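Visitor: I'd like to go through this one by asking how each label is earned. Can you take me round?
Guide: Sure, have a look first and then ask away.

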Amino acid sequence: MKTLDFIKLNAGSAEKVVGSLQQLLSDYQVFYANLRGFHWNIKGSQFFVLHKQFEEMYDDVAEKVDELAERILMLGGVPVNNFSQYLKVSKVKEVSGVSSASESLKHVLDTYSYLIGEERALLSLASESGDEVTVALMSDYLKEQEKLVWMLVAYASESK
């Protein structure tokens, strides 16, 4: 017995969506590690604001990682669960040794820009597959992230 038998999605289409979800899962796992590093290592006059913000961001990313893994399972896939595999697949690169506000914000904004593009592509693929649940998930992510990017850009502009 398979979940797909009951949720009325085509297995071939679901498999394509799973592939995109796996990519996003790997990207988010590396982003999570980067955010932890920024949180731990941030220095300077913006420490208090950014230390807290990075913690909120990595908590949010951890929740998204769980949602993505569960969606992969619902669609009949098996989520990758080891970091060596994430590093092979992720297009988000590991970052270390960053302690300045401007450099960490640049990495965060560049990563969100990439993730937003991937989520838009996945939203389109899921829509073509009739997978409204993945569409809704990506739409929710985009709504949150566009607002966050807007706020981070405003903050970064003011802090120069």
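Visitor: What covers the buried residues of helix 3?
Guide: The cover includes helix 2, helix 5 and helix 6. Keep in mind that this is a predicted model. The residues of helix 3 that count as buried are Leu 50, Phe 54, Met 57, Tyr 58, Val 61, Lys 64, Val 65, Leu 68, Ala 69, Arg 71 and Ile 72.

Visitor: How do you know that the span of helix 3 agrees with its 28 residues?
Guide: You set the expected span against the model. At 1.5 Å a residue, helix 3 should span 40 Å, and its end C-alpha atoms are 40 Å apart, so the two agree. Just past the helix comes Gly 76, with a positive phi near 90°.

Visitor: Why is Asp 131 called buried?
Guide: The cut-off for buried is under 20% relative accessible area. Asp 131 has 2% relative accessibility, so it counts as buried. You'll find Asp 131 in the loop between helix 5 and helix 6. Setting aside neighbours within four places in sequence, its contacts are Leu 9, Val 17, Arg 71, Leu 75 and Ala 126.

Visitor: What makes the pair Asp 131 and Thr 134 a polar contact?
Guide: The cut-off is a pair of N or O atoms within 3.5 Å, where one can donate a hydrogen and the other accept it. The side chains of Asp 131 and Thr 134 are joined at 2.6 Å, and that pair is listed as a polar contact.

Visitor: Which residues have the most contacts inside the largest nonpolar core?
Guide: Those are Leu 35, Val 108 and Tyr 112, in a core of 43 residues. Two or more residues come from each of helix 2 (11-41), helix 3 (47-74), helix 5 (101-128) and helix 6 (132-158). Helix 2 gives the most, with eleven residues.

Visitor: And what does Val 108 touch?
Guide: Not counting residues up to four places away in sequence, Val 108 touches Phe 31, Leu 35, Phe 38, Phe 54, Met 57 and Leu 152.

Visitor: How do you know that the radius of gyration agrees with a compact globule?
Guide: For 160 residues the globule rule gives a value near 15 Å; the chain has 17 Å, which agrees. Along its principal axes, the C-alpha trace spans about 55 × 30 × 20 Å.

Visitor: What is the pattern along the sequence?
Guide: It reads α-α-α-α-α-α, with six helices and zero strands.

Note on methods. Residues numbered from 1 in each chain as written. Predicted model: local features only at pLDDT ≥ 70, side-chain atom pairs only at ≥ 80, totals over all residues. Heavy atoms only, no water. Core = buried A, V, L, I, M, F, W, Y, C linked by side-chain atoms within 4.5 Å. Buried < 20%, exposed > 50% of the residue type's maximum accessible area, 1.4 Å probe, protein only. Helix = DSSP H or I, 4+ residues; strand = E, 2+ residues; numbered from the N terminus. Contact = heavy atoms within 4.5 Å. Expected span 1.5 Å × (residues − 1). Rg over C-alpha atoms; globule rule 2.2 N^0.38 Å.
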